[in-house]
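Please look at the sequence and the structure together, and follow the charged side chains from one contact to the next. What do such pairs join along the chain, and how open are their members to the surroundings?

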Amino acid sequence: MDIPPISIALEELGVPHRIFRHENPVHSFEQAASDRGQRASQIGRSMLFRIAEDEFIMVLVAGSAQISWKLLRKHLGRSRITMATEDEVLAVTGYRIGTVGPFGLLNPLTVKLDASVMREEEVSIGSGMRNTAVILKSADLHHALNNAEVVSLTEN
């Protein structure tokens, strides 16, 4: 079986983690959480935003938490931000939507961790491969991201 690219990147960083392979196709993060024996709040979603032409930022948010556009714009000091398109996600990260994680990216990106991710001891993130996740401690995720800034960007 192929080793997911995000697992390879974590191995290179010496970050303990495990790979979870779904037996059936995943259609929602709630289903993914159930399959993994986790709560929805333990699923880390990697969201890519375009903050200027050819300038992007990734925000990791937990479960169903919704990022507040107002809080994100204020935090970044930008009046205009858009979600990256499917093509932009692939071009910037090297991963398809639904498989994106913050490691092994095609292009370097600033990554922000929403505080919702850090509320859980263990989280799962995209692995770079369909129907496969990487599970790790949130503290290890934070450390592996060079202690990425933890921000409160959700209204939940």
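**Salt bridges across the chain**

In this predicted model, Arg-78 forms a salt bridge with Glu-55, and the closest N and O atoms of the two are 3.2 Å apart. This pair links distant parts of the chain, since Arg-78 sits in the loop between helix H3 (69–76) and strand S4 (82–83), while Glu-55 belongs to strand S3 (residues 55–62), 23 residues apart. Arg-78 counts as partly exposed at 27% relative accessibility, and Glu-55, at 34%, counts as partly exposed as well.

The structure holds six salt bridges, and another of them is the contact in which the side chains of Arg-18 and Glu-122 meet, at 3.0 Å from N to O. Because Arg-18 lies in strand S1 (residues 18–21) and Glu-122 in strand S6 (residues 122–126), this pair ties together parts that are 104 residues apart in sequence. Arg-18, with a relative accessibility of 43%, counts as partly exposed.

A further salt bridge brings together the side chains of Lys-112 and Glu-149, with 2.5 Å from N to O. Lys-112 lies in strand S5 (residues 110–114) and Glu-149 in the loop between helix H6 (138–144) and strand S8 (150–151), so parts that are 37 residues apart in sequence are tied together by the pair. Is Lys-112 buried or exposed? Its relative accessibility is 10%, and because buried means under 20%, Lys-112 counts as buried, whereas Glu-149, at 40% relative accessibility, counts as partly exposed.

Notes:
Residues numbered from 1 in each chain as written. Predicted model: local features only at pLDDT ≥ 70, side-chain atom pairs only at ≥ 80, totals over all residues. Heavy atoms only, no water. Salt bridge = Lys/Arg side-chain N within 4 Å of Asp/Glu carboxyl O. Helix = DSSP H or I, 4+ residues; strand = E, 2+ residues; numbered from the N terminus. Buried < 20%, exposed > 50% of the residue type's maximum accessible area, 1.4 Å probe, protein only.
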